[in-house]
Amino acid sequence: MRLRNITGSREVIAESPYVVPEEKLPSCPGTWKHELFGNDRELFIEIGMGKGKFIYQMAKTHPEINFVGIEKYSSVLLRAIQKMEEEPLPNLKFIRMDAEDICQVFGEQEVDRIYLNFSDPWPKDRHAKRRLPSRQFLARYDGILKKDGIIEFKTDNRDLFDFALEELEPAGWKAEEVTFDLHHDERLMEGNVMTEYEEKFSSIGNPICKYIIYR
Ligand code: SAM
């Protein structure tokens, strides 16, 4: 996924109208959204969006909702920008940042929904707190998500999914839906938008796990 050596990716990002400029980010959480989208609609975000296939399709299907895609690496974000340049969507913006700083960017209860898709597993125990569904990240999401907001998480990595489920109770979250084989669950598959990794791993027969959680 990390396309590390794309020359000039930082420059492209700095000049792209589809990326929230870095200087806007930490100064005043909560205020740049209105400026950016020019409306008061719901805000759904994807953390670790990769090349943005999922969030682009979601934004296209739901023009009545604002979407923000977050990605740590410039070289990966560049691919999402290229897609927007081909067919821009007014309700989709990108941020290049490490999600560790998410509470400095979004205001309290500003976000209506969070998507985590095929998050990096960080298999070593000592790196558990870097996993996006870890209790440390759940505490950050608690700060920015509306009280009745939900988080949706999909992965084919069973160890990561089991870990994510174990994190819920200590972090104060509850599962509304859990499946270990999403693609054979007709009800939960309704309206499912496949991510890039979901396409790749389901095509080789890996079952896809999903939860939807709330506090
Ligand atoms: N969500 C996409 C999908 O399902 O196809 C991409 C999955 S890829 C395995 C995980 C992505 O999350 C990578 O692009 C990685 O750079 C990004 N990522 C991992 N940790 C992150 C963090 N702390 N903040 C922002 N992005 C992160």
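These questions and answers cover the ligand site and a few loop residues of a predicted model.

Reader: Which residues come nearest to the ligand?
Author: The ligand has 18 residues around it. Five of them come nearest. They are Gly48, Glu71, Ala99, Thr195 and Tyr197.

Reader: How do the residues of the shell around the ligand divide into nonpolar, polar and charged?
Author: The shell holds residues of each of these classes. Four are polar and six are charged. The nonpolar residues number eight.

Reader: What is the distance from a nitrogen atom of the ligand to the side chain of Asp98?
Author: The cut-off for a polar contact is 3.5 Å between N or O atoms. A ligand nitrogen and an N or O atom in the Asp98 side chain form such a pair. Their separation is 3.0 Å.

Reader: Which residue has a backbone N or O atom 3.3 Å from an oxygen atom of the ligand?
Author: Ligand oxygen also pairs with a side chain: an N or O atom of Thr195 lies 2.8 Å from an oxygen atom of the ligand. The backbone contact, at 3.3 Å, belongs to Glu196.

Reader: How much of the ligand's accessible area does the protein cover?
Author: On its own, the ligand has 600 Å² of accessible area. The space it takes is the largest pocket. The protein's cover of that ligand area is 96%.

Reader: Is Ser16 buried or exposed?
Author: Ser16 lies in the loop between α1 (9-15) and α2 (32-37). A polar atom of its side chain is 3.1 Å from the backbone nitrogen of Tyr18. The relative accessibility of Ser16 is 8%, under the 20% cut-off, so Ser16 is buried.

Reader: What is notable about phi of Phe118?
Author: Most residues other than glycine have a negative phi. Phe118 sits in the loop between β4 and α5, and is buried because its relative accessible area is 9%. Its phi is positive, near 50°.

Reader: What is the phi of Trp122?
Author: Trp122 is in the loop between β4 and α5. At 24% relative accessibility, Trp122 is partly exposed. Trp122 is not a glycine, yet its phi is positive, at about 40°.

Reader: Why does Asp120 count as partly exposed?
Author: Asp120 belongs to the loop between β4 (111-117) and α5 (135-144). Its C-alpha atom is 15 Å from that of Arg135, 15 residues apart along the chain. Partly exposed runs between the 20% and 50% cut-offs. Asp120 falls there because its relative accessibility is 44%.

How values were computed: Residues numbered from 1 in each chain as written. Predicted model: local features only at pLDDT ≥ 70, side-chain atom pairs only at ≥ 80, totals over all residues. Heavy atoms only, no water. Near = heavy atom within 4 Å. Polar contact = N/O pair within 3.5 Å; in protein donor to acceptor, adjacent residues only side chain to side chain. Areas by Shrake-Rupley, 256 points an atom, 1.4 Å probe, with all protein chains shown as cover. 1 Å grid on protein atoms, 1.4 Å probe; cavity = no way out; pocket = protein on both sides within 12 Å on 5 of 7 lines; lining within 4 Å. Sits in = over half its atoms within 2 Å of the grid points. Nonpolar A, V, L, I, M, F, W, Y, C, P; charged D, E, K, R; others polar. Helix = DSSP H or I, 4+ residues; strand = E, 2+ residues; numbered from the N terminus. Buried < 20%, exposed > 50% of the residue type's maximum accessible area, 1.4 Å probe, protein only.
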